[in-house]
Amino acid sequence: MSEVNNTSSRSINVQVIDVIGQVNNFLKEGGFAIEGISNQLANQQQQLFTLQNVVTTAVAKSMLHPSPKEAMQLINVVIKENNITV
């Protein structure tokens, strides 16, 4: 019976050592991942800003035409679905 317990504790120890090794590898490579994530977020923010400028321009153009009601509806949709305002 003690041999069974000794064998299972060894396999558990090997698993623990393996997990610790994987965590250490992740932490070594994590700097690159964090930098990549931050660059991706910055790019997404820039694209969102550009898209909002395009929508604002389209709304302003719509407001200059005879249908200000449509322009106001478009403004409300953009503001409602904007993640930055949430």
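## Exercises on a two-helix chain

Val 19 has a relative accessible area of 46% and is therefore partly exposed, in a model that is predicted.

**Exercise 1.** Work out where Val 19 is placed and which residues form a nonpolar patch on the surface with Val 19.

*Solution.* Begin with the secondary structure: the chain holds two helices and zero strands, and Val 19 has its place in helix α1, which covers residues 2-64. Next, consider the exposure of the residue: a patch takes in residues with over 30% relative accessible area, and Val 19 has 46%. Finally, look for the partners, which are Val 23, Phe 26 and Leu 27; together with Val 19 they make up a nonpolar surface patch with about 410 Å² of accessible area.

**Exercise 2.** Decide whether Val 78 is buried, partly exposed or exposed, and find the separation of its C-alpha atom from that of Thr 56.

*Solution.* First locate the residue: Val 78 belongs to helix α2, residues 68-80. Then compare its value with the limits: since buried means under 20% and exposed means over 50%, Val 78 counts as partly exposed because its relative accessibility is 28%. As a last step, take the distance: Val 78 and Thr 56 are 22 residues apart along the chain, and 9.0 Å separates their C-alpha atoms.

**Exercise 3.** Find the contacts of Met 63, leaving aside its neighbours within four places in sequence.

*Solution.* Start from the position of Met 63, which is in helix α1, and note that this residue is partly exposed because its relative accessibility is 45%. Once the neighbours within four places in sequence are set aside, Met 63 is in contact with Ala 71 and Ile 75.

**Exercise 4.** State what share of the chain's residues is buried and how its accessible surface is made up.

*Solution.* Of the 86 residues, 5% count as buried. The accessible surface comes to about 7,700 Å², and carbon and sulfur atoms account for 63% of this area.

Key:
Residues numbered from 1 in each chain as written. Predicted model: local features only at pLDDT ≥ 70, side-chain atom pairs only at ≥ 80, totals over all residues. Heavy atoms only, no water. Helix = DSSP H or I, 4+ residues; strand = E, 2+ residues; numbered from the N terminus. Buried < 20%, exposed > 50% of the residue type's maximum accessible area, 1.4 Å probe, protein only. Areas by Shrake-Rupley, 256 points an atom, 1.4 Å probe, with all protein chains shown as cover. Patch = residues over 30% accessible without salt bridge, like charges linked within 9 Å, V, L, I, M, F, W, Y side chains within 5 Å. Salt bridge = Lys/Arg side-chain N within 4 Å of Asp/Glu carboxyl O. Contact = heavy atoms within 4.5 Å.
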